[in-house]
Amino acid sequence: MNSTISAISTPNAAGGIGIVRLSGENACEIADKIFFSSSKKTLKNANGYTAHFGKILDNHQTIDQAIAVVYKSPKSYTGEDVVELQCHGGLFVLQQVLRLTLENGARLAEAGEFTKRAFLNGKMDLTSAESVMKIIGAKGKEAANAAIQTLEGSLTNEINEIKSSLVNSSATLSAWIDYPDEEIEELQSDVLINILKTSKKKLENLINKFDAGQAITEGINTVIVGKPNVGKSTLMNLLLQKNRSIVTDIAGTTRDIVEETARVGNVILHISDTAGIHESNDYVESIGIEYAKNKLSTATLFLAVFDGSKKLDEEDYKILELCKNKCGIAILNKADIGKIISENEIYSYIKNVISLSAKENDSLKTISNAIENVLGTNNFDSTAAMLSNERQLNCCKTALSCINEAIDGLEIGITLDAINVSIDAAISPLLELTGERVSEAVVNEIFSKFCVGK
Ligand code: GDP
């Protein structure tokens, strides 16, 4: 039997209403020991989906007036009996009510335990459970929209389609291999290749959209690089639409890394404005430079700034070299005072080049268009199925590599039983993605990131 859990489900702050939630076989009995309805009816005898006005008492002393909402198994969020005690939203009152539930037989819920129970009781699959935290943490319309779509099954449906075509192929192959005497029609290799290629395309589509999805919903690590005095801090301020970085004409003013989050177009950027990357004898500054190089190596997007009104010098070329083969944009700044550098000089290092003046507010549009282009978010459909975390991404990547193995094998004529091993290996990570076959450790890891009370 699962123990009955209890937690404050509303934020840890004063509010109009605060909720203590109980879930488990004894939820009603425990609530009946502390909550007394005006109608004298017990919650144990109440129907599901009913609300009851009454008092919460501690040894005959009134702690609060409250409404108890009752849900009966299996028709509840967790699939178990659930009671929500809706109190006045004072923290002290809620803590008293929580204490009473614990003293009367409930156990304090662990982080995410309500949702974990919903998953374990089959109320939702793992991708939907993960989307619950995304809804809570959504920072904008697109992020909330994407999370709701996942909760409603957009990703699960897409994965289930891929999975069922692989399972069907594997079942036919197994029958043909295992029962050679039965008259089971052999699956033609060109038919099988087509099925596998369709699955491959669907997985590639999900994988390729991952970075764009992350940029829109979670934000991506972005670094601004460039030698001193080219306008990095001015650009940072333009992106943030405020004066956060210190702008001076003394080279090397930004010594440490300034980190901020900005919404630029439909993308969220977690931006580091670095000390100018250049050779320096100044010890403090050179620490900053090393840090900047590290940031560049780990950032998803770079914005490399150059003073477009001056010729590229040796230090600019060092920066261009560092940016080669990475995802980002070269910004030829100070266009208002002339443009000497041509895009052609940059293209062999960085494919995306724009020219602007970071001092002018209109430049924000130029840079946000360029960022949306580079990240592929300009036509992003947040209602379509999308992967929302690294776990899901890795499951798809593993499945894709097994499908590729099967396709390659078929093309060079490897035996069908060997192909079937690769197809089975592709199904496994998809079952893990939806949570149909997932280790306890992975489940625990996922829900440990939730907040208590959810
Ligand atoms: P950083 O050292 O790269 O961070 O450069 P800053 O942002 O501190 O700018 C250095 C100097 O260049 C300051 O005097 C800025 O006002 C100036 N500056 C920055 N952007 C522009 C621009 O687009 N046009 C002009 N004319 N000056 C700029």
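Which residue stands opposite Phe35 in strand 4? I would like to start from that small detail and work outwards, and I should say at once that what we have in front of us is a predicted model. The residue that stands opposite Phe35 is Ile56, in strand 4. The two strands concerned are strand 3, residues 35-37, and strand 4, residues 50-58, and they run antiparallel, joined by three bridges.

Those two strands belong to an open sheet of seven strands, whose order is 3-4-5-6-2-1-7 and whose pairing is mixed. Strand 3 and strand 7, the latter being residues 107-108, stand at the edges with a single partner strand each, so one side of each is left without a neighbour in the sheet. As general background, strands of a sheet pair through backbone hydrogen bonds, and they do this either parallel or antiparallel.

Let me now move along the sheet to strand 2, which covers residues 17-23 and is mostly covered, with six of its seven residues buried. Strand 2 pairs with strand 1, residues 5-8, in the antiparallel sense over four bridges, and in that pairing Ile8 has Val20 of strand 2 as its bridge partner. Strand 2 also pairs with strand 6, residues 82-88, again in the antiparallel sense, over seven bridges, and here the bridge partner of Leu22 is Val83 in strand 6. Between these two positions in the sequence of strand 2 we can also look at Arg21, which lies over the face of Phe114, at 4.3 Å from the ring centre. A second arrangement of this kind involves Lys454, whose charged end sits over the ring of Tyr77, 4.6 Å from its centre.

How many of the six residues of strand 8 are buried? Strand 8 consists of residues 220-225, and five of the six are buried, so this strand is largely enclosed by the rest of the structure. Strand 8 pairs in the parallel sense with strand 10, residues 267-273, over five bridges, and within that pairing Asn221 stands opposite His270 in strand 10. Four bridges join strand 8 to strand 11, residues 301-307, and these two strands also run parallel, with Thr222 standing opposite Leu301 in strand 11.

I turn next to the aromatic rings, for which a search of the whole structure finds four aromatic pairs. In one of these, the rings of Tyr317 and Tyr349 have centres that are 6.1 Å apart and planes that stand at 55°, so the pair is tilted. This pair links distant parts of the chain, since Tyr317 is in helix 11, residues 314-323, while Tyr349 is in the loop between helix 12 and strand 13, 32 residues apart. Tyr317 itself counts as partly exposed, because its relative accessibility is 32%. Elsewhere, ring pairs link Phe119, Phe447 and Phe450 into a cluster.

Where, then, is the largest pocket lined by helices? The largest pocket has a volume of about 480 Å³, and of the 24 residues that line this pocket, the closest to its centre are Glu130, Met133, Lys134, Ser388 and Asn389. Helix 4 (126-137), helix 5 (141-151), helix 8 (210-217) and helix 16 (440-448) each supply at least two residues of the lining, and helix 4 gives the most, with six residues. Taken by class, the lining is made up of 10 nonpolar, seven polar and seven charged residues.

Two single residues deserve a short comment before I stop. Asn145 has its place in helix 5, and at 27% relative accessibility Asn145 counts as partly exposed. Asn145 and Ala384 are 239 residues apart in sequence, while their C-alpha atoms are 9.9 Å apart in space. Met124 is found in the loop between helix 3, residues 113-120, and helix 4, and this residue counts as buried, because its relative accessibility is 15%. From Met124 to Ser164 there are 40 residues in sequence and 19 Å in space, again taken from C-alpha to C-alpha.

Key:
Residues numbered from 1 in each chain as written. Predicted model: local features only at pLDDT ≥ 70, side-chain atom pairs only at ≥ 80, totals over all residues. Heavy atoms only, no water. 1 Å grid on protein atoms, 1.4 Å probe; cavity = no way out; pocket = protein on both sides within 12 Å on 5 of 7 lines; lining within 4 Å. Points joined across faces, edges and corners; volume = space filled by probe spheres on them. Nonpolar A, V, L, I, M, F, W, Y, C, P; charged D, E, K, R; others polar. Buried < 20%, exposed > 50% of the residue type's maximum accessible area, 1.4 Å probe, protein only. Pairing = 2+ DSSP bridges. Phe/Tyr/Trp six-rings, centres within 6.5 Å; stacked < 30°, edge-to-face > 60°. Lys NZ or Arg CZ within 6 Å of the ring centre and 35° of its normal.
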